[in-house]
Structure formats: structure tokens, C-alpha cells
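Visitor: I have a few questions about how terms are used for this model. Could you walk me through them?

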Amino acid sequence: MSLINSVTGLLQYSDQLQSVSDTALLDTELLLSFALDVDRTWLKTWPDHKPEAAQIKQFETLFARRLTGEPIAFIIGRQGFWTLDLKVTPGTLIPRPETELLVEIALGLNVPDAARVLDLGTGTGAIALALASERNDWQLTAVDSQIAAVNLAEINRQHCQLDNVSIYQSDWFSQVPGSISAPQYHLIISNPPYIELDDPHLSEGDVRFEPATALVSGHDGLNDLKIVIGQSPRYLRSNGWLLVEHGYQQGAAVRNLFATAGFTAIGTHIDHNDLERLTLGCLPQTD
Ligand SMILES: C[S@@+](CC[C@H](N)C(=O)[O-])C[C@H]1O[C@@H](n2cnc3c(N)ncnc32)[C@H](O)[C@@H]1O
């Protein structure tokens, strides 16, 4: 019996992906399981299975897209984040595993049980939805300047059946209620764009397929972090926290921005690759 068009045979396509991907076999398994509408375990259980011709054609079409470097998440339209399965589209960033550190740190902060939390630049909704899924007593607001991202985050919110998240369009704080006279939030969290305009990595790998609005932030990558950090104190309650993700070489600059904005207890956390990845600070008691 020929195995060329069997599961095992089709997985051998992965050899062609070696120059495009560090995870060629995994990518091929993901594309084949998507085309066959099965999970990866099924592929291992039924290696001799011969898919229908239409399924093979679909797999080959998906595979050709991956050969151009298009990210797997955009091809299959989904990405896992925290415990959630999120829809993704080319309108915003594919949530990254390192951003889960932001969620982990946020969940450990000393905030009230019924905390009000603001996620700035929510994209797929990843951070806000992960927090909401862990803390159903928290009230989350999530905003993004891009309507495509707002709509996507709302689809994900509904899919995850999370009622404690409100999502709307806002250019950073422009549509966020609350100000110095009535600050609302116990925690503001953000993974804003932070890549430098002329960073050569922008023409490599997955980011080539992601929108500049989600990635790039001026010549030093700090334009958006300056706005988020500079304006957060007006929206944070006393003892409220600001937690941001940033580039691995931006730790010192970001700590300076926190200090200038009046934050205390400023600290930077290192990610699983030993790189400075996120910084947080607490707004001192004012009342
Ligand atoms: C790096 S992505 C992060 C997406 C998501 N929070 C995550 O971690 O996967 C930055 C997000 O900020 C949004 N953004 C960029 N400029 C913005 C602005 N002026 N106001 C609000 N959101 C903005 C982008 O549309 C994008 O969704």
C-alpha cells in the first residue's frame, strides 16, 4: 500500500519548510490537522490514514502559504494564549508567549478583589481576556485604536464567554472615562507598539505579515510608551499599578519614564529568555 498520500507521507513535506521555520514539523502537523479537522494526537494515532483528495489539496494550499513565511496563526486563524483559544487576523498582532508574563505578574499584584483594570492596545483581547478568565470579580476595560482589533477582541470575548470585559475604540486614553478628579483604575496594563522605525527585524519572520500599527513606535520605539506611562497617573487610583511590556533594550529608558511620571516601587522583570521584558510601578498614596 502506498503511503505517499497518507498522514505520514504528507508530514514529510516538512523538509521543504526547514529554511522558513525553526519548527518545520510542528508547523506541518498544525496545517495538516487543520486541513483534516483533527487534532495533532489524531495524526499520530492514524499515521496510515489517507485523506480525501480535497483535503490534500487544501493542505497543499495552506502549506504553500507557509512556504512564503506567512505565520501559522494567520493561516489557521487561531492562536493559543494563556488558557484561551483566540481568533487572529492580519489586522493586529499575534499574541506572543512572552506576553503571558504580563498576565502572570498582574495576577500577583496587590489590588482589591473587585479591581477595575484597563488594557491599552488590546489587539486580539489577549491580555484582558486572560485576566478576565482568571478573575471573574475584576472589571476589565480594553481599548484599541484600530477598529479591526476592537471587533476581533469582541469576537474573542464572546467566544470565551467572558462578561466582565468591555471593549471599545480609543486612541490610548482619548475615550477612556476618568481623570485626575475621578481616577478609576487599580491596574493599567499595556503591551504597546515598541519597535524602532528602522529596526531590521521588521523585514524578517512573522512580523512582516503583522500591521505596523501594532509594532512600530517612532525612531526610538518609545513614542507610545511615553504616552501610556506619562498619562496613566491621571487614570490610576492611589496605590494603583501600571504594568507595561517593552523591548529588551528599553528597560532603563522605561524605568526613567516611570520615575518621571511619579511612580514608585519601579521594577523590571526578565522573561524566559533572560531579557528585560516588562516594567511596573505603583502610584503613591495621594489621599
Ligand atoms: C503590540 S500590539 C499588542 C496587542 C495585544 N495587547 C497583545 O499583547 O497581543 C499593540 C496594540 O496597540 C494598538 N495601538 C497602537 N496604537 C494605539 C493607540 N494610539 N491607541 C490604542 N491602541 C493602539 C495596536 O492596534 C495593537 O493592537
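Visitor: What makes the pair between T92 and the ligand a polar contact?

Guide: This is a predicted model. In it, a polar side-chain atom of T92 lies 3.0 Å from an oxygen atom of the ligand. The cut-off for N or O pairs is 3.5 Å, so the T92 pair counts.

Visitor: How do you know that S145 and S170 make polar contacts with the ligand too?

Guide: The reasoning is alike. A backbone N or O atom of S145 lies 3.2 Å from a nitrogen atom of the ligand. For S170, a backbone N or O atom lies 3.4 Å from a ligand nitrogen. Both pairs are within 3.5 Å, so both count.

Visitor: How much of the ligand does the protein bury?

Guide: Taken alone, the ligand exposes 600 Å². The protein buries 95% of that.

Visitor: Which residues come nearest to the ligand?

Guide: There are 19 residues around the ligand. Of these, G121, D144, D171, W172 and N191 come nearest. By class, the shell has 7 nonpolar, 10 polar and 2 charged residues.

Visitor: Why is the ligand said to sit in a pocket?

Guide: The test is that more than half of its atoms lie within 2 Å of the pocket's grid points. The ligand sits in the second largest pocket, so it passes that test there.

Visitor: What is the largest pocket like?

Guide: About 1300 Å³ of space lies in the largest pocket. Its lining has 41 residues, and R96, E98, I195, D206 and V207 are the closest to its centre. Helix 2 (24-36) and helix 5 (72-76) each give two or more residues to that lining. Helix 2 has the largest share, 3 residues. By class, the lining has 19 nonpolar, 10 polar and 12 charged residues.

Terms used:
Residues numbered from 1 in each chain as written. Predicted model: local features only at pLDDT ≥ 70, side-chain atom pairs only at ≥ 80, totals over all residues. Heavy atoms only, no water. Near = heavy atom within 4 Å. Polar contact = N/O pair within 3.5 Å; in protein donor to acceptor, adjacent residues only side chain to side chain. Areas by Shrake-Rupley, 256 points an atom, 1.4 Å probe, with all protein chains shown as cover. 1 Å grid on protein atoms, 1.4 Å probe; cavity = no way out; pocket = protein on both sides within 12 Å on 5 of 7 lines; lining within 4 Å. Nonpolar A, V, L, I, M, F, W, Y, C, P; charged D, E, K, R; others polar. Points joined across faces, edges and corners; volume = space filled by probe spheres on them. Helix = DSSP H or I, 4+ residues; strand = E, 2+ residues; numbered from the N terminus.
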